[in-house]
Amino acid sequence: MLYAAAEGSRQIALTIDDGYSDDCVEGYLRFAEQSGIPVTFLPNGIYADTWDPRAERLRSLIETGQVQIGNHTMSHLNLLESDNATIRADIEANEQWIQRVFGVTARPYLRPPYGARDDRTDRIAADLGYTRITMWNGTLGDSGAIDPAVLMDLARTHVQPGAIVLGHANSPTVLGLLDGVRDLIIERDLQPVTLDTMFGTSRAQG
Ligand SMILES: [Zn+2]
């Protein structure tokens, strides 16, 4: 299970899940394009309407290694409440969508929705090539609506050396604060990276 970078590292991985807000997906993509900061997106295929129209721009960032795509299941499934066959089908459906739209595999990174996992779900994921179950040790708290001041407080608390920071492309609140997040990364002399860079993996063509 992955919760953080190795001890002593100044790396930080911004990991952005879901994507049900079109404005938010656009805002994060523009942030990546303009800041050059690496971002790992973990989209759900049920939100293909927000991701697919931006596939070309995302692909060019994926090709340079600045953006990485991880798997977060097709339908934002709670794995603990699902039977084995359903889990398999949902992870695989998202992998197929990611390969088709972004031209890469998401393996070996799977983030279980809600962080809900156990040995059974980890084994099913591993059988599908998802051997790195990606949790987090910092959050922007924005899976749903959030007050901007609260979000920025969370950013100040959690944008730290070694952090895997969880954010969501769901609530546009974060969009006005991304420059602040970027400034925290710079002021604190952190090294923003994708999960591939943090853990020494690489992308194969899907
Ligand atoms: Zn999620």
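Is Asp-189 buried or exposed, given its 8 C-beta neighbours inside 10 Å? Asp-189 counts as exposed, because it has 8 C-beta neighbours inside 10 Å, and a residue is called exposed at 12 or fewer. Asp-189 lies in the loop between helix 7 (178-187) and strand 8. The model described here is predicted.

## Overall build

The chain holds 8 helices and 8 strands. Its radius of gyration is 16 Å, close to the 17 Å that the globule rule gives for 206 residues, so the chain is as compact as a globular protein of that length. The C-alpha trace spans about 45 × 35 × 30 Å along its principal axes.

Of the 206 residues, 42% are buried. Contacts between residues at least 6 apart in sequence were also sorted by separation, and 79% of them join residues at least 24 apart.

The largest nonpolar core has 49 residues. Within this core, Ala-13, Ile-16, Tyr-28, Val-39 and Val-165 touch the most other members. Leaving aside residues up to four places away in sequence, Val-39 touches Leu-14, Ile-16, Tyr-28, Ala-32 and Val-67.

## Strand 1 and its partners

Strand 1 covers residues 11-18, and 8 of its 8 residues are buried, so this strand is largely enclosed by the rest of the structure. The table lists pairings of strand 1, each with a pair of residues that stand opposite one another.

| Partner of strand 1 | Sense | Bridges | Residues opposite |
|---|---|---|---|
| Strand 8 (residues 191-192) | parallel | 2 bridges | Gln-11 and Gln-191 |
| Strand 7 (residues 164-168) | parallel | 5 bridges | Asp-17 and His-168 |
| Strand 2 (residues 39-43) | parallel | 5 bridges | Leu-14 and Val-39 |

Leu-14 in strand 1 thus stands opposite Val-39 in strand 2, and Leu-14 is also among the residues that Val-39 touches. Between strand 1 and strand 2 the chain passes through helix 1 (residues 22-35), in a β-α-β crossover that is right-handed.

## Strand 7

Strand 7 is mostly covered, with 5 of its 5 residues buried. Ile-164, Leu-166 and His-168 point one way from the strand, while Val-165 and Gly-167 point the other way. Residues on both faces of strand 7 are buried. One of them, Val-165, is also listed among the core residues that touch the most other members.

Besides its pairing with strand 1, strand 7 is joined by 2 bridges to strand 6 (residues 138-139), and strands 6 and 7 run parallel. In this pairing Thr-139 stands opposite Leu-166. The chain goes from strand 6 through helix 6 (residues 148-158) to strand 7, and this β-α-β crossover is right-handed.

## Helix 5

Which residues of helix 5 (residues 119-127) are buried? They are Thr-121, Ile-124 and Ala-125. These buried residues lie on the same side of helix 5, because they cover an arc of only 100° around the axis. The other side of the helix carries Asp-119, Arg-123 and Asp-127, which are exposed.

What do the buried residues of helix 5 pack against? Their packing partners are helix 4 (84-102), strand 4 (109-110) and strand 5 (132-133). Just after helix 5 comes Gly-129, with a positive phi of about 95°.

## Backbone details in the loops

The loop between helix 4 and strand 4 contains Pro-108. The peptide bond from Arg-107 to Pro-108 is cis, and its omega is near 10°.

Positive phi values also occur in residues other than glycine. In His-76, phi is near 55°. His-76 is placed in the loop between strand 3 (67-69) and helix 4. With 17 C-beta neighbours inside 10 Å, His-76 counts as partly exposed, because a residue is called buried at 20 or more such neighbours and exposed at 12 or fewer.

Asp-189, the residue of the opening question, has a positive phi of about 55° although it is not a glycine. Its loop runs between helix 7 and strand 8, and strand 8 in turn pairs with strand 1 in the parallel sense over 2 bridges.

Key: Residues numbered from 1 in each chain as written. Predicted model: local features only at pLDDT ≥ 70, side-chain atom pairs only at ≥ 80, totals over all residues. Helix = DSSP H or I, 4+ residues; strand = E, 2+ residues; numbered from the N terminus. Rg over C-alpha atoms; globule rule 2.2 N^0.38 Å. Contact = placed C-beta atoms within 7 Å. Core = buried A, V, L, I, M, F, W, Y, C linked by C-beta atoms within 7 Å. Arc of directions from axis to C-beta. Pairing = 2+ DSSP bridges. Right-handed = clockwise from strand over helix to strand, strands pointing away.
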